[in-house]
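Work through the following exercises with the sequence and the 3D structure open beside you. Each task is followed by a solution that goes step by step.

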Amino acid sequence: MIIGAGRRTGRRLLSMIAAIAVILPLAACSGDDAETGSTTSASAASANRPVRIALNPWVGYEASAAVVAYLLKHELGYQVEYKKLSEPDSWKGFEEGTVDVIIENWGHEAEKKTYIEQKKVAVSAGTNGNIGVIGWYVPQWMVEEYPDITDWRNLNKYADLFRTAKSGDKGQLLDGDPTYVTNDEALVKNLKLDYKVVYSGSENALIAAAKRATRNKTPLLMYFYEPQWLFTQLKLVKINLPPFAIGCDADTKKVACDYPPYLLDKIVSADFAKNGGRAYELVRNFKWTNDDQNAVANDIVNNRLTPEQAAKKWVEANKIVWQDWIPR
């Protein structure tokens with residue numbers, strides 16, 4: 001009796017072990033492994049759907065997106081999909097359900113009111129650490145030759161210097177992509193400046209113009225911004241527009257002051273904030289400096305690395321920075 005009971009117990013034990021052996025691989029394949037960031041909830045990365053990051057058209061943004069994407073993929077196991085969009089269309093993506101993350105937002109108070117406060121399809125995920133500056137710039141050589149040119153009140157005196165075929169009998173103020181944050185047409189009108197805003201169409205066109213103007217000592221007045229890797233290679237000097245004060249740009253048609261300082265922030269879809277799991281936590285924790293961004297952007301543009309390669313290079317050299325972004 002005792003021997004028979006022991007055999008039956010042994011057989012039951014073997015059956016249980018076999019059952020467990022079958023269950024464990026199934027559990028491992030179920031997507032419930034917290035180390036990979038996958039879950040069985042309706043998260044942004046469930047059902048094999050990637051984290052969708054808007055990709056706005058300037059290389060600094062691309063640098064930030066590349067580093068976040070690299071960590072999402074290689075540290076947390078998520079898939080990532082870029083959505084090449086303008087700034088306004090990125091915000092629309094929250095309502096359309098096609099965008100999870102804007103990694104570098106420049107102000108956009110009207111969009112915040114519409115999509116965050118009113119429609120409630122997006123939320124702020126905090127600052128990303130970058131300090132944004134928008135303004136008008138001239139090459140360093142022009143300041144050396146015309147020392148008072150950095151005072152906006154003297155710009156009309158020098159308007160003839162900046163005339164081009166596109167600006168006609170007015171001085172040219174060269175802007176970039178027309179979808180960028182800009183008050184320049186209103187500023188020219190309200191400050192009564194004898195200038196015409198001409199859109200170059202892209203960041204690359206602005207950079208090429210700045211390089212030519214510096215190399216050939218040709219006059220250039222241009223819209224530009226920081227963080228930007230170009231400042232590590234040549235000197236541009238910012239024009240002193242009437243100082244910014246809170247509310248001076250509330251009416252974009254009447255604005256007559258400089259751009260505000262921007263504490264650049266991250267915006268995510270409300271669904272991603274709720275269901276994005278560890279992917280959302282990483283995005284929320286992401287915060288670096290202008291120098292960090294410029295280093296990655298410089299590798300992309302000047303060292304001919306792909307965004308993935310540039311991100312990998314930065315990640316490997318800066319674990320002390322990003323290790324705290326990884327959810328515990």
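**Exercise 1. Locate K217 and describe its backbone and its surroundings.**

K217 lies in the loop between helix α7 (203-216) and strand β7, where helices (H or I, at least four residues) and strands (E, at least two) are DSSP runs, numbered from the N terminus. Before going on, note that this is a predicted model, in which local features need pLDDT of at least 70 and side-chain atom pairs count only at pLDDT 80 or more, while totals for chains, interfaces and linings use all residues. Residues are numbered from 1 along each chain as its sequence is written, and side-chain values use heavy atoms, with hydrogens and water left out.

The next step is the backbone: K217 is not a glycine, and yet its phi is positive, at about 55°. Most residues other than glycine have a negative phi, and most peptide bonds are trans. As for its surroundings, K217 has 55% relative accessibility and therefore counts as exposed; buried means under 20% relative accessible area, exposed over 50%, and partly exposed in between (1.4 Å probe, protein chains only).

**Exercise 2. Find where K192 sits, and state whether K192 is buried or exposed.**

Begin with the position, which is in the loop between α6 (184-190) and β6 (195-199). K192 has a phi near 55°, a positive value in a residue other than glycine. Its relative accessibility is 68%, so K192 counts as exposed.

**Exercise 3. Identify the peptide bond from E226 to P227 as cis or trans.**

The bond from E226 to P227 has an omega near 5°, and it is cis. P227 itself belongs to the loop that connects β7 (222-226) with β8 (236-238).

**Exercise 4. Describe how helices α3 and α4 pack.**

Two packed helices are described by the angle between their axes and the distance between the axes. Helix α3 covers residues 87-96 and helix α4 residues 109-118; the angle is about 5°, and the axes are 10 Å apart. Axes are lines fitted to C-alpha atoms, for helices over the stretch in contact, and angles run from 0 to 180 degrees between N-to-C directions. The two helices α3 and α4 are therefore roughly parallel to each other, given that angles under 35 degrees count as roughly parallel, over 145 as roughly antiparallel, 65 to 115 as roughly perpendicular and the rest as oblique.

The contact (heavy atoms within 4.5 Å) involves W91, K92 and E95 on α3, together with E111, K112, Y115 and I116 on α4.

**Exercise 5. Trace the pairing of strand β9 with its neighbours β3 and β4.**

Two strands pair if DSSP finds at least two bridges between them. Strand β9 (residues 262-269) runs antiparallel to β3, to which 3 bridges join it, and within this pairing I102 stands opposite I267. With strand β4 (residues 122-139), β9 pairs over 6 bridges, again in the antiparallel sense, and here A122 has S269 as its bridge partner.

The last step concerns burial: in β3 (residues 101-105), 5 of the 5 residues are buried. In β9, 7 of the 8 residues are buried, so this strand is largely enclosed by the rest of the structure.

**Exercise 6. Find the disulfide and describe its two cysteines.**

A disulfide is a pair of cysteine sulfur atoms within 2.5 Å, and by this rule the count comes to 1. The pair is C248 and C257, with sulfur atoms 2.0 Å apart. The torsion about their S-S bond is about 80°, so the disulfide is right-handed. The relative accessible area of C248 is 25%, which makes C248 partly exposed, whereas C257 is buried at 4%.

**Exercise 7. Place V315 and list what V315 touches.**

V315 is part of helix α11 (residues 307-317), and it is buried, with a relative accessible area of 6%. Leaving aside residues up to four places away in sequence, V315 touches V67, Y70, L71 and W322. L71 is 244 residues from V315 along the chain, and their C-alpha atoms are separated by 8.1 Å.

**Exercise 8. Summarise the protein chain as a whole.**

The secondary structure comes to 12 helices and 9 strands. Of the 328 residues in the protein chain, 46% are buried. Among contacts with a separation of 6 or more, 72% come from residues 24 or more positions apart.
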